[in-house]
Amino acid sequence: MDVEAAIRARRTHKRYGPQPVSDETLRALLDLARFAPNHKLTQPWRFRVLGPSIRAQIEALAGEQEAVKLRRAPTLVLATASLSGDPVADEEDLHATACAVYAILLGATARGLASYWRTPKCLREPDVRTALDLGGDERVVALIHLGPALGEPPAKARAPLEAIVEFVP
Ligand SMILES: Cc1cc2nc3c(=O)[nH]c(=O)nc-3n(C[C@H](O)[C@H](O)[C@H](O)COP(=O)(O)O)c2cc1C
């Protein structure tokens, strides 16, 4: 699948098969993230592949209602941006990390995997941040859900090109 096809085919999936993504595939996907554009080569992205123990801890801290949602995908990858505290650099580093996350989603789509960019509220809670050993400099950007697709969600409507593009003479 070429890049344009992956961009058009990607969907937010909320239903997954039970098979976790192999470490080999995960490494290949996370490797794509390294090539995202980033100003001054700060490479601000950090990734944590969440194993059963930390997932159980987060679920317990988040409560059952949220835990049900956290169990939707067999593989979860937490993407954070390591920020310096400089407002301009931090803004750019968040943008760069978002690009890195998108690279992972597109790579997953190209491999026929389902994916989902989620930012659950529990990841902003101090006890969950502590369990994940998140540094004070780290901002959560995405909890990337990955796994086998169960069906194909319909494409969500987008505003037409004319509504968002202006050719400025
Ligand atoms: C920064 C960001 C945060 C998001 N957080 C959530 C979330 O917490 N929960 C959710 O259901 N979807 C979340 N999404 C996914 C969007 O809701 C989804 O991309 C949008 O509805 C368009 O659907 P599509 O991905 O199928 O094109 C997030 C997307 C982005 C870019």
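A polar contact is a pair of N or O atoms within 3.5 Å; within protein, one must be able to donate a hydrogen and the other to accept it, and residues adjacent in sequence count only if both atoms are side-chain atoms. The model is predicted: local features need pLDDT of at least 70, side-chain atom pairs count only at pLDDT 80 or more, and totals for chains, interfaces and linings use all residues. Residues are numbered from 1 along each chain as its sequence is written, and side-chain values use heavy atoms, with hydrogens and water left out.

**Exercise 1.** Find which atoms of Arg10, Lys14 and Trp117 lie close to N or O atoms of the ligand.

*Solution.*
- Step 1: Arg10 places a polar side-chain atom 2.8 Å from a ligand oxygen.
- Step 2: In Lys14, a side-chain N or O atom is 3.2 Å from an oxygen atom of the ligand.
- Step 3: Trp117 uses a backbone N or O atom, 2.9 Å from a ligand nitrogen.

**Exercise 2.** Decide whether Glu152 and Arg11, which form a salt bridge (a side-chain nitrogen of Lys or Arg within 4 Å of a carboxyl oxygen of Asp or Glu), are buried or exposed.

*Solution.*
- Step 1: The closest N and O atoms of Glu152 and Arg11 are 4.0 Å apart.
- Step 2: Buried means under 20% relative accessible area, exposed over 50%, and partly exposed in between (1.4 Å probe, protein chains only).
- Step 3: Glu152 is exposed because its relative accessibility is 62%.
- Step 4: Arg11 is buried because its relative accessible area is 15%.
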